[in-house]
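Got your viewer open? Here is a short tour, one selection at a time.

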Amino acid sequence: MKRDFRVLAAVGSLSLAVTVADTAFAEKAGGILKVGWFDSPASMSILEESTIAAERPMMGVFNNLVMYDQHVAQNSLRSIVPDLATAWAWNEEGTELTLPVRQGVKWHDGKPFTAADVKCTFDLLQGKASDKLRINPRKSWFNNVAEVTTKGDYEVAFHLNRPQASFLAMLATGWTPIYPCHVSPQQMRLHPIGTGPFKFAEFRPNETIKVVRNPDYWKPGRPYLDGIEYTIIKDVSTRLLAFIAGQHDVYFGVTVPQLKDVRAQAPQAICESSTPNVARNMLVNRRVPPFDYPDLRRAMSLSLDRKAFNNIINEGQGVIGAVMQPPPDGLWGMTPEMLAALPGYGPDVAMNRAEARTIMEKLGYGPDKRLAITVSTRNTAGYRDPAVILISQLKENYIDAELDPVDTTQWYPRLTRKDFKVALNVTETAIDDPDPAFYENYVCGAQRNYTGYCNPEVDKLVDGQSMETDFEKRKRLVWAIERKLAEDDARPILFYPRAAYCRKPEFKGFVAMVNSIYNNSRFEDLWLDR
């Protein structure tokens with residue numbers, strides 16, 4: 001058995017980043033960070049939620065075993081650093097991951113953290129615990145875990161059925177915090193208890209989310225902030241005006257058109273743009289007639305004009321891609337030339353739509369017999385706006401659709417129940433890695449496989465790429481899966497939006513990550529220069 005605890009390089013990288021930051025700035029402690037927030041989540045339990053509306057405010061309440069370095073913009077295996085674990089080691093076969101964990105760490109209610117809490121967390125995620133998560137969106141991530149064992153109070157081991165190249169990455173995302181054994185899932189929805197730099201203080205639905213500084217945090221001197229207040233303002237224009245008026249320190253999710261307003265009306269604001277890994281996609285419930293006909297689903301895919309989505313929503317600054325985020329921000333995505341060869345991605349939209357109308361006519365539809373449907377979507381601007389464009393594009397091929405906006409608290413439960421026919425959704429990609437993308441959204445029976453797509457041959461391909469440790473070989477396997485998913489019209493990807501965050505000059509320490517928006521919200525290093 002090989003036990004090579006990997007930590008020195010990671011710690012060195014983190015120490016260098018902190019040293020550089022300390023040299024450049026003299027961090028100031030104190031102050032309340034004020035954030036204008038876009039939506040009100042169903043609960044405060046990260047393990048049960050699927051939206052950043054809950055995950056970002058709560059990530060700082062918790063710790064992970066390992067995490068992505070908060071000072072590195074592009075997530076990769078190289079940017080993973082210790083958190084509650086102090087190191088990690090694989091056995092020779094790549095099937096056993098051992099992590100010693102920190103001593104002296106306390107939960108926010110004063111109880112000690114131990115390795116048993118890690119086992120409880122993953123028993124909960126795998127559905128093995130007596131308590132159950134109400135919704136378990138990422139259960140399929142951990143299907144390869146045969147068992148989690150502890151050795152005393154301060155060592156934990158994951159025993160895998162087979163090697164899995166990206167397993168450590170799935171432990172590092174903000175979606176995989178460690179929960180306490182002694183607090184029920186029900187309480188975690190209402191008043192979460194963590195070990196992180198901030199303590200949960202208050203959640204008033206549709207009004208505010210508040211966290212406060214944890215004075216007993218195990219990292220000396222952190223966090224700098226006394227607290228963070230998220231003011232929930234669902235209307236994008238009102239939220240933008242509040243930022244411009246100076247009521248908030250930072251605005252996450254500024255669209256390309258809004259960016260012009262910020263620069264014109266708040267020229268002192270500092271804005272940084274990226275193409276986050278949150279692709280918009282079309283969901284077609286293949287269990288519900290007439291969408292159980294493959295030809296109808298193909299006609300719908302051929303109706304899409306991806307360039308038009310990008311031009312209207314992003315003023316041409318977004319990116320066209322498939323399941324995996326395109327380069328250079330993404331590590332695994334296809335090149336433009338490869339994308340153009342996928343069904344429905346070619347530049348001749350008129351030809352694609354002519355083919356779609358021919359298919360529809362063979363199915364009995366036409367100018368005098370149109371298919372009436374509803375397009376459901378989450379009732380926020382980032383969903384509604386592309387849904388309206390989708391409706392207009394489907395109309396080109398004998399499909400008349402009405403918009404069905406759904407409140408966030410009901411959106412994910414409805415998708416999980418498959419209580420929709422056609423929908424526009426956002427792929428909340430936690431990690432720029434094929435395993436969570438495929439296991440969460442495409443393998444047979446996964447909870448977030450909302451369309452009901454199931455192809456056992458694809459599942460075998462997904463397992464095959466998961467075991468491959470050579471990056472270039474794995475990438476080629478991933479591309480083959482991408483082609484198959486496009487050929488099967490599994491979940492057509494529409495576009496990757498362009499967005500920005502804007503901040504007051506006194507807001508310091510935040511690094512926007514380019515290939516996930518879900519991994520940089522620990523916020524223990526943020527500070528206000530006031």
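Start with helices H14 and H15: their crossing is left-handed. Keep in mind as you look that this is a predicted model. To find the pair, select residues 434-441 for H14 and residues 456-467 for H15; their axes come within 10 Å and cross at roughly 160°. An angle over 145 degrees counts as roughly antiparallel, so H14 is roughly antiparallel to H15.

Now show the side chains where the two helices meet. On the H14 side, pick Pro 434, Asp 435, Phe 438 and Tyr 439; on the H15 side, pick Val 462, Asp 463, Gln 465 and Ser 466. Colour them by class and you will find four nonpolar, two polar and two charged residues in this contact.

Next, go to Phe 158 and Leu 171, the residues with the most contacts inside the largest nonpolar core, which has 86 residues. Add helix H4, residues 167-172, which gives the most to this core, with six residues. Then centre on Phe 158 and display its neighbours: among those it touches are Leu 65, Leu 97, Val 118, Phe 122, Val 148, Phe 167 and Leu 171, and also Glu 96 and Glu 147.

For a second, separate core, select Val 284, Leu 302, Ala 387 and Ile 399, which are included in its 29 residues.

Last stop: helix H2, residues 52-59. How many of its residues are buried? Eight of its eight are, and the buried residues include Glu 55 and Arg 56 alongside Ile 52 and Met 59. To see what covers them, turn on strands including S1 (32-37), S8 (198-204), S9 (208-213) and S14 (371-378).

Notes. Residues are numbered from 1 along each chain as its sequence is written. This is a predicted model: local features need pLDDT of at least 70, side-chain atom pairs count only at pLDDT 80 or more; totals for chains, interfaces and linings use all residues. Side-chain values use heavy atoms; hydrogens and water are left out. Axes are lines fitted to C-alpha atoms, for helices over the stretch in contact, and angles run from 0 to 180 degrees between N-to-C directions. Helices (H or I, at least four residues) and strands (E, at least two) are DSSP runs, numbered from the N terminus. Angles under 35 degrees count as roughly parallel, over 145 as roughly antiparallel, 65 to 115 as roughly perpendicular and the rest as oblique. A crossing is left-handed if the near helix is turned anticlockwise from the far one by less than a right angle, and right-handed if clockwise. Contact means heavy atoms within 4.5 Å. Ala, Val, Leu, Ile, Met, Phe, Trp, Tyr, Cys and Pro count as nonpolar, Asp, Glu, Lys and Arg as charged, and the others, Gly among them, as polar. A nonpolar core is a set of buried Ala, Val, Leu, Ile, Met, Phe, Trp, Tyr and Cys residues joined through side-chain atoms within 4.5 Å. Buried means under 20% relative accessible area, exposed over 50%, partly exposed in between (1.4 Å probe, protein chains only). Lists of a residue's contacts leave out its neighbours within four places in sequence.
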